[in-house]
Structure formats: C-alpha cells, structure tokens
Amino acid sequence: MADHHESIDLTRPPVDPSAAAGHSWFPGPPPPMYSCTLTPELEAKAREELQEKPEWRLRDVQALRDMILKEQPNLRTRLDDAFLLRFLRARKFDYDRALQLLLNYHAGRKAWPEVFQDLKPSTVKHVLDLGFLTVLPRPDPNGRYILCLRPGKWKPNDYPFVDNVRAIYLTLEKLIQPEETQVNGIVILADYTGVGMSQASNPGPFLAKKVVSILQDGFPIRIKAVNIINEPRIFKGIFAIIKPFLKEKMAERYILHGSDLRSLHRNIPRSVLPEEYGGTAGQLDMCAWSRLLLACEEEFIVEFCQPDPLEGVVLPDSMLFEGEQASGQDDDTFRGLRSQLYYCY
C-alpha cells in the first residue's frame with residue numbers, strides 16, 4: 001500500500017470518484033482539467049477584490065508555475081491550474097507573495113508532523129463524533145460558508161489538542177476546493193459554551209502561535225470574520241494568548257457577542273443559522289459534514305499520506321515557523337497569562 005501511495009503524481013489534482021459527485025449542499029472537487037466555475041457576478045467580485053482578470057488567469061497561473069519550477073525545482077507540489085489558483089487568489093495575484101504562501105503551506109507540514117502525518121478523516125473521526133466542529137449547510141448572503149467550532153465539547157483528557165487542529169485543517173482543505181470559497185472566503189462561528197480553565201490553558205502560546213501562523217500565513221483561504229459567542233470571563237485570558245500573534249487586520253475581524261444573539265444576527269442572518277443560535281435553518285446537524293469528510297478518505301490519502309514534499313528543498317530564511325528556540329520565552333509568557341486566566345476565571 002505504501003508503495004502505491006508513493007507512486008502517485010502530485011502534480012495532478014487528487015480525484016476520488018466516490019466524492020467527485022459532491023453532496024447535495026456542498027460542491028464536489030474540481031475536475032482534472034481546469035474550467036472556471038465562477039458566475040459572472042463572482043468574476044466581477046474577483047476582479048475588484050483580488051485583481052483577478054479572467055483573460056489573464058491562466059497566464060498568471062503559468063507564471064507562478066514557472067517560478068516554482070525555476071526557484072524550487074525539488075518541491076513536490078501539485079502544479080495543476082486549480083491548485084495554484086488558490087494561492088494566487090489568496091494573495092491577490094501577487095506572484096511573489098503567492099509563492100511564499102505555497103512554501104509556507106508546505107513548510108507548515110514539515111514543522112508540525114504531529115498534525116500532518118497520516119492526515120486523513122478517519123484519524124479524526126473521534127473529533128467529528130464529539131461535535132467539535134461542523135460547517136453550516138447554507139452560506140451567508142455574501143456566499144461565505146460558516147465553520148462552526150465548539151471548543152467546550154473538547155476535554156483535555158479525551159485526546160490531544162492537536163487532533164482538533166487536524167480536524168480543522170481537513171475541513172479547511174475541503175472548504176477551499178470550490179472556487180466560490182476562494183473568492184468569497186469563509187466565516188468562523190465559535191461557541192465557547194462550556195469552556196473552562198482546563199481547555200483555556202492547555203494549548204499554550206507556542207501551540208497557539210503555530211495555529212495562528214498556519215491560518216494567517218500558511219493556508220490559501222480568506223477568513224472574513226470570526227464571531228465569538230457565549231464566551232466566559234476567561235476568554236479575556238484566551239484572547240490574550242492569541243492576540244499577539246494576530247495581524248492587525250485579522251484581529252479587527254474578531255467580534256465578541258457574549259450571549260447576545262441579536263448582536264450575532266447583525267453579522268450572520270437568522271436564515272442561515274440553526275435553531276440553537278436563534279436561527280431558522282433547523283437544528284444544528286453535526287453529522288452531515290462528518291459524513292462528507294469521511295467520504296473523501298482516499299482524496300486526503302493522495303494529498304497528505306505522501307513522502308516529505310520538502311525533501312531536498314532549500315527554503316528561504318524567513319519561513320512560517322522560527323523553530324523551537326523561542327520556547328523558553330513562550331513559557332515565561334504563558335506563566336504570566338496563566339495568572340490572568342485564573343484571575344478572569
């Protein structure tokens with residue numbers, strides 16, 4: 001089986017016939033040969049917000065492909081149009097920044113093997129079964145899918161925190177496949193009901209920094225808003241851990257609603273929210289997204305269960321993670337933040 005995986009051509013997009021048809025509410029993966037699926041309205045939006053010109057789209061993809069082959073000839077990465085477009089759109093068709101994002105994307109895997117080794121949906125089934133995350137079936141009026149996180153469902157004694165990160169990453173990989181997500185971005189809804197001291201203090205600053213670094217600088221997705229609801233007093237301490245690693249633009253997208261559902265509804269309309277959050281879209285279904293991911297097992301095996309894509313690659317000095325050398329400083333910072341957490345709690 002291992003030999004079979006190693007023989008797969010990573011320059012081609014992974015296609016799983018069982019998942020290719022998609023699901024009733026979520027688009028299937030792109031076809032092997034790229035064909036734009038954007039509506040005229042989305043093409044106009046991409047032109048205005050991302051500097052994407054349809055008449056130059058494939059020329060820009062080829063330019064990025066040429067840069068990769070010239071500057072990083074040993075990098076084992078997909079080079080198909082659909083894949084490279086994700087990085088161009090995430091960096092507004094700036095070739096240099098798109099290449100840096102692609103390198104960060106692969107460097108994140110190398111820097112965090114606990115997350116990326118053998119990464120496939122079956123290995124995080126326990127996270128999905130617990131109800132830690134799901135994706136709401138209806139996008140918001142801006143066409144953005146809503147990733148719903150419920151950190152309070154996780155208990156440190158149940159399994160390592162990195163399993164949550166694995167489930168989030170697999171979800172992001174699936175969400176970014178449709179071109180409309182690449183243009184519209186996503187929204188995060190985090191329900192902190194049930195979060196206490198044990199969950200808040202477990203990850204620590206170094207782990208938080210890695211998660212934030214991947215989301216900001218190592219993944220080709222646009223996070224347009226992070227809505228926090230039912231946050232306890234302890235959340236001040238949690239956010240104090242996260243905020244130093246957030247870019248100013250990203251920090252401004254965090255919206256704290258407390259238990260005020262009317263405040264939430266001003267940002268996410270009731271029509272797309274489940275009844276649990278004062279919406280009219282039926283009860284929160286934690287199973288649909290789990291089934292969708294698990295049906296794509298082979299797709300993720302092709303994508304992630306491969307030899308190291310960075311083997312033999314010389315990376316620039318400035319990469320996603322600086323390594324463990326600053327861990328002592330992080331520990332000192334964490335001790336101070338732990339005191340804040342206890343005070344808030």
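Reader: Why does Phe26 count as buried?

Author: In this predicted model, Phe26 has a relative accessibility of 2%, and because buried means under 20%, Phe26 counts as buried.

Reader: What makes Phe26 and Tyr145 an aromatic pair, and why is the pair called tilted?

Author: The ring centres of Phe26 and Tyr145 are 5.1 Å apart, and since rings pair if their centres lie within 6.5 Å, the two form an aromatic pair. The angle between their planes is 55°, which is neither under 30 degrees, as stacked would need, nor over 60, as edge-to-face would need, so the pair is called tilted. The structure holds 13 aromatic pairs, and this is one of them.

Reader: Why is the pair of Phe26 and Tyr145 said to tie together parts of the chain, and is Tyr145 buried or exposed?

Author: Phe26 lies in the loop between helix H2 (17–20) and helix H3 (40–50), while Tyr145 belongs to strand S2 (residues 145–149), so the pair ties together parts that are 119 residues apart in sequence. Tyr145 has a relative accessible area of 6%, and because the cut-off for buried is under 20%, Tyr145 is buried.

Reader: Why is the pair of Phe83 and Tyr105 called edge-to-face?

Author: For Phe83 and Tyr105 the planes stand at 65° and the centres lie 6.0 Å apart; the angle is over 60 degrees and the distance is within 6.5 Å, so the pair is edge-to-face. Phe83 lies in helix H5 (residues 81–90) and Tyr105 in helix H6 (residues 95–111), so this pair ties together parts that are 22 residues apart in sequence. Both Phe83 and Tyr105 are buried, and ring pairs link them with Phe87, Phe116, Tyr169 and Phe219 into a cluster.

Reader: How do you know that Arg59 lies over the face of Trp56?

Author: Arg59 is placed at 4.4 Å from the ring centre of Trp56, and because the distance cut-off is within 6 Å, that part of the criterion is met. The direction must also be within 35 degrees of the ring normal, and Arg59 is listed as lying over the face of Trp56.

Reader: What sets Gln51 and Asp118 apart in their backbone?

Author: Gln51 has a phi near 60°, a positive value in a residue other than glycine, and Asp118 likewise has a positive phi, near 55°. Most residues other than glycine have a negative phi. Gln51 is found in the loop between H3 and helix H4 (57–71), and Asp118 in the loop between helix H7 (113–116) and helix H8 (125–130).

Reader: Why are Gln51 and Asp118 called partly exposed?

Author: The relative accessible area of Gln51 is 39% and the relative accessibility of Asp118 is 37%; since buried means under 20% and exposed over 50%, both count as partly exposed.

Reader: How do you know that the largest pocket lies between domain 1 and domain 2?

Author: The largest pocket, with about 540 Å³ of space, is lined by 21 residues, of which Ala90, Arg91, Gln216, Lys249 and Arg253 are the closest to its centre. Domain 1 (40–111) and domain 2 (115–302) both give residues to the lining, so the pocket lies between them. H6 gives the most to this lining, with 4 residues, and the lining residues divide into 8 nonpolar, 3 polar and 10 charged.

Reader: What makes helix H17 mostly covered?

Author: Helix H17 (residues 297–304) has 7 of its 8 residues buried, among them Phe300, Ile301, Val302 and Phe304.

Technical notes:
Residues are numbered from 1 along each chain as its sequence is written. This is a predicted model: local features need pLDDT of at least 70, side-chain atom pairs count only at pLDDT 80 or more; totals for chains, interfaces and linings use all residues. Side-chain values use heavy atoms; hydrogens and water are left out. Helices (H or I, at least four residues) and strands (E, at least two) are DSSP runs, numbered from the N terminus. Buried means under 20% relative accessible area, exposed over 50%, partly exposed in between (1.4 Å probe, protein chains only). On a 1 Å grid over the protein atoms alone, a cavity is a set of points where a 1.4 Å probe fits but cannot get out, and a pocket is an open set with protein on both sides within 12 Å along at least five of seven lines; lining residues have an atom within 4 Å of a point. Grid points are joined across faces, edges and corners, and a volume is the space filled by probe spheres set on the points. Ala, Val, Leu, Ile, Met, Phe, Trp, Tyr, Cys and Pro count as nonpolar, Asp, Glu, Lys and Arg as charged, and the others, Gly among them, as polar. Domain bounds come from an automatic or database domain assignment.
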